[in-house]
Amino acid sequence: MSGRRSRSRQSSAVSRITDDQINDLVSKLQQLLPEIRDRCSDKVSAARVLQETCNYIRSLHREVDDLSERLSELLATTDTAQAAIIRNLLMQ
């Protein structure tokens with residue numbers, strides 16, 4: 001059993017992330033989020049950044065779904081040759 005504990009400690013030691021690394025990742029996320037990036041406030045909690053990240057990803061998913069639906073409707077009204085060309089372009 002001590003062998004199992006030893007391996008567990010080794011794997012967890014290798015995968016540990018430091019507070020500085022977490023802060024750096026949160027800062028990078030903050031720069032990617034338009035909702036937070038465009039504000040004047042420099043100090044935003046990590047929890048707020050993570051919540052905004054989740055909200056932004058959900059928003060992007062909705063936008064992709066909407067665009068996908070609109071594209072499907074467009075392809076349905078386009079003649080077969082043009083639709084095939086558009087599909088081929090999208091697959092590249």
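Visitor: I'm new here, so let me start with one residue: where does Ile17 lie?

Guide: Ile17 sits in a loop, the one that links helix 1 (2-15) to helix 2 (19-32). Keep in mind that what you're looking at is a predicted model.

Visitor: Okay, and how many helices and strands are there in the protein?

Guide: Count 5 helices and 0 strands. Reading along the sequence, you get the pattern α-α-α-α-α.

Visitor: Back to Ile17. Is it buried, partly exposed or exposed?

Guide: The idea is to look at relative accessible area: under 20% is buried, over 50% is exposed, and partly exposed is in between. Ile17 has a value of 43%, so it's partly exposed.

Visitor: Which residues make a nonpolar surface patch with Ile17?

Guide: Ile22 and Leu25 join Ile17 there, and the patch comes to about 250 Å².

Visitor: Now for the inside. What percentage of the residues count as buried?

Guide: The figure is 12% of the protein's 92 residues.

Visitor: And which residues form the largest nonpolar core?

Guide: That core has 5 residues, namely Val26, Leu33, Ile36, Val44 and Val49. Try Val49 as a way in: setting aside neighbours within four places in sequence, it contacts Val26, Leu29, Gln30, Leu33, Ile36 and Val44.

Visitor: Ile36 has come up twice. Where is its place, and is it buried or exposed?

Guide: You'll find Ile36 in helix 3 (residues 34-37). Its relative accessible area is 2%, so Ile36 counts as buried.

Visitor: What does Ile36 touch, if I skip residues up to four places away in sequence?

Guide: Ile36 touches Gln30, Val44, Arg48, Val49 and Glu52. Take Glu52 from that list: its C-alpha atom and that of Ile36 are separated by 7.8 Å, though the two residues are 16 apart along the chain.

Visitor: Where does Glu52 lie, and what does it touch?

Guide: Glu52 belongs to helix 4 (residues 46-77). With the same skip of residues up to four places away, Glu52 touches Leu33, Glu35 and Ile36.

Visitor: Glu52 is a charged residue by name, so why does it count as buried?

Guide: Go by the number: Glu52 has 13% relative accessibility, so it counts as buried.

Visitor: One last thing: what share of the contacts with a separation of 6 or more comes from residues 24 or more positions apart?

Guide: Those pairs account for 7% of such contacts in the protein. And for the outside, the accessible surface comes to about 8000 Å², with 54% belonging to carbon and sulfur atoms.

Notes. Residues are numbered from 1 along each chain as its sequence is written. This is a predicted model: local features need pLDDT of at least 70, side-chain atom pairs count only at pLDDT 80 or more; totals for chains, interfaces and linings use all residues. Side-chain values use heavy atoms; hydrogens and water are left out. A nonpolar core is a set of buried Ala, Val, Leu, Ile, Met, Phe, Trp, Tyr and Cys residues joined through side-chain atoms within 4.5 Å. Buried means under 20% relative accessible area, exposed over 50%, partly exposed in between (1.4 Å probe, protein chains only). Contact means heavy atoms within 4.5 Å. Patches are made of residues with over 30% relative accessible area and no salt bridge: like charges are joined within 9 Å, nonpolar side chains (Val, Leu, Ile, Met, Phe, Trp, Tyr) within 5 Å. Accessible areas come from the Shrake-Rupley method with a 1.4 Å probe; for residues, only the protein chains shown count as cover. A salt bridge is a side-chain nitrogen of Lys or Arg within 4 Å of a carboxyl oxygen of Asp or Glu. Helices (H or I, at least four residues) and strands (E, at least two) are DSSP runs, numbered from the N terminus.
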